[in-house]
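Student: Please pick one part of this structure and look at it closely with me. Keep it plain, and build the picture step by step.

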Amino acid sequence: MSWSRRNALSALATGFATVVAGCQSGDEVAGPPDEPEPDAVEPTEIRQVRIDGAAVLFTHADTLPTPDETSNRHRRASAHIASGTEFEEYRWGETPEAGQLREFVKTTDFEERSVYLLSTVVDACHKVRLVSMRRDPDDDPSGDFCHTVRPADVACDTDDEDTVGFAVRLPYTVPSSTGHGTGMSGDCRGPDRPPAFEATVVPRNRSDGS
């Protein structure tokens with residue numbers, strides 16, 4: 001092997017050893033900064049409604065969608081309203097349930113509160129439950145929801161559809177709403193999931209059930 005080639009290999013080996021030594025001494029390559037985790041938010045008040053069939057409870061459009069449009073593009077809608085001016089930009093359905101949500105938002109003190117809205121279509125044998133609300137560093141809210149089975153004594157057909165609406169009053173306000181998020185799980189896993197039925201057990205040789 002020539003002298004020049006031996007020196008080249010030696011230089012490469014020395015450089016590699018230096019890199020390894022640097023890694024072993026605790027030097028690390030900096031990765032991308034971690035995104036701040038959203039903070040949990042405790043709602044001050046919640047209003048929930050349910051109506052038979054697919055319907056529009058609210059919209060930011062100039063006019064309410066037609067029933068045909070409701071069955072396609074408007075099966076789920078969400079919003080964050082942070083001021084009275086933003087409230088005036090929304091249109092509301094003509095059902096009593098839509099009116100309840102509208103009144104809830106209208107009576108909000110936007111000097112201290114804001115409102116997160118959700119409307120979604122679900123089959124008649126399931127209900128939607130609010131799991132948690134979060135607030136990101138930009139003050140944008142995000143609602144986490146899930147589907148769960150309705151109680152066994154509720155008469156329903158999975159071929160039928162209902163519209164469920166939520167209005168969640170949040171304990172903070174912002175100059176204007178810039179965004180929001182919605183998460184929906186296909187199953188609610190937790191201790192408050194409703195059982196399929198409730199049974200009363202009568203101990204043996206006890207006629208009074210006590």
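Tutor: Start with one term. A salt bridge is a side-chain nitrogen of Lys or Arg within 4 Å of a carboxyl oxygen of Asp or Glu. Keep in mind that this is a predicted model. By that rule, six salt bridges are counted.

Take Arg-134 and Asp-144. They form a salt bridge, and their closest N and O atoms are 3.1 Å apart. Arg-134 lies in strand S7 (residues 126–135) and Asp-144 in strand S8 (residues 141–149), so the pair ties together parts that are 10 residues apart in sequence. How accessible is Arg-134? Its relative accessibility is 29%, so it counts as partly exposed.

Stay with strand S7, which also holds Val-131. Is Val-131 buried, partly exposed or exposed? The cut-offs decide: buried means under 20%, exposed means over 50%, and partly exposed falls in between. Val-131 has a relative accessible area of 48%, so it is partly exposed. Leave out residues up to four places away in sequence, and Val-131 touches Asp-144, Phe-145 and Cys-146. Asp-144 therefore turns up twice: in a salt bridge with Arg-134, and in contact with Val-131. Gly-183 is another residue to look at from here. It is 52 residues from Val-131 along the chain, yet their C-alpha atoms are separated by 9.7 Å. A general point helps with any strand. In a regular strand, the side chains alternate between the two faces of the sheet.

Now move to Arg-135. Its side chain meets that of Asp-139 in a salt bridge, 2.9 Å from N to O. Arg-135 is at 27% relative accessibility, so it counts as partly exposed. Asp-139 is partly exposed too, with a relative accessible area of 27%. There is also a network. Salt bridges that share partners join Arg-50, Arg-150 and Asp-162. Arg-135 has a ring partner as well. It lies over the face of Tyr-172, at 3.6 Å from the ring centre.

Follow that network to Asp-162. Its side chain meets that of Arg-50 in a salt bridge of 2.9 Å, N to O. What does this pair tie together? Asp-162 lies in strand S9 (residues 161–170) and Arg-50 in strand S2 (residues 45–52), so parts that are 112 residues apart in sequence are tied together. The two ends differ in accessibility. Asp-162 counts as buried, at 6%. Arg-50 counts as partly exposed, at 24%.

Strand S9 deserves a closer look. Nine of its 10 residues are buried, so it is largely enclosed by the rest of the structure. Which strands does it pair with? S2 and S9 run antiparallel and are joined by eight bridges. In that pairing, Val-49 stands opposite Gly-165. Strand S6 (residues 114–123) also runs antiparallel to S9, with 10 bridges between them. There, Asp-123 stands opposite Glu-161. So S2 is linked to S9 in two ways: by strand bridges, and by the Asp-162 and Arg-50 salt bridge.

Next come the rings. The charged end of Arg-169 sits over the ring of Phe-104, 4.0 Å from its centre. The structure also holds four aromatic pairs. One of them is Phe-58 with Trp-92, a tilted pair: 6.0 Å centre to centre, with 50° between the planes. Phe-58 lies in strand S3 (residues 58–59) and Trp-92 in strand S5 (residues 91–92), so this pair ties together parts that are 34 residues apart in sequence. Phe-58 is buried, with a relative accessible area of 4%. Trp-92 is buried as well, at 11%. Ring pairs link Phe-58, Phe-87 and Trp-92 into a cluster.

Last, a word on confidence. The mean pLDDT of the protein is 78, and 68% of its residues reach 70 or more. Among the elements, helix H4 (residues 96–106) has the highest mean pLDDT, 97, and helix H1 (residues 3–24) the lowest, 45. Over residues 12–29 the pLDDT stays under 50, and the model has one contact for them beyond four places in sequence. Residues 191–210 are also below 50, but that stretch has 10 contacts beyond near neighbours in sequence.

Note on methods
Residues are numbered from 1 along each chain as its sequence is written. This is a predicted model: local features need pLDDT of at least 70, side-chain atom pairs count only at pLDDT 80 or more; totals for chains, interfaces and linings use all residues. Side-chain values use heavy atoms; hydrogens and water are left out. pLDDT is the predictor's confidence in each residue, from 0 to 100. Helices (H or I, at least four residues) and strands (E, at least two) are DSSP runs, numbered from the N terminus. Contact means heavy atoms within 4.5 Å. Buried means under 20% relative accessible area, exposed over 50%, partly exposed in between (1.4 Å probe, protein chains only). Rings of Phe, Tyr and Trp (its six-membered ring) pair if their centres lie within 6.5 Å; planes under 30 degrees apart count as stacked, over 60 as edge-to-face and the rest as tilted. A charge sits over a ring if NZ of Lys or CZ of Arg is within 6 Å of the ring centre and within 35 degrees of the ring normal. Two strands pair if DSSP finds at least two bridges between them.
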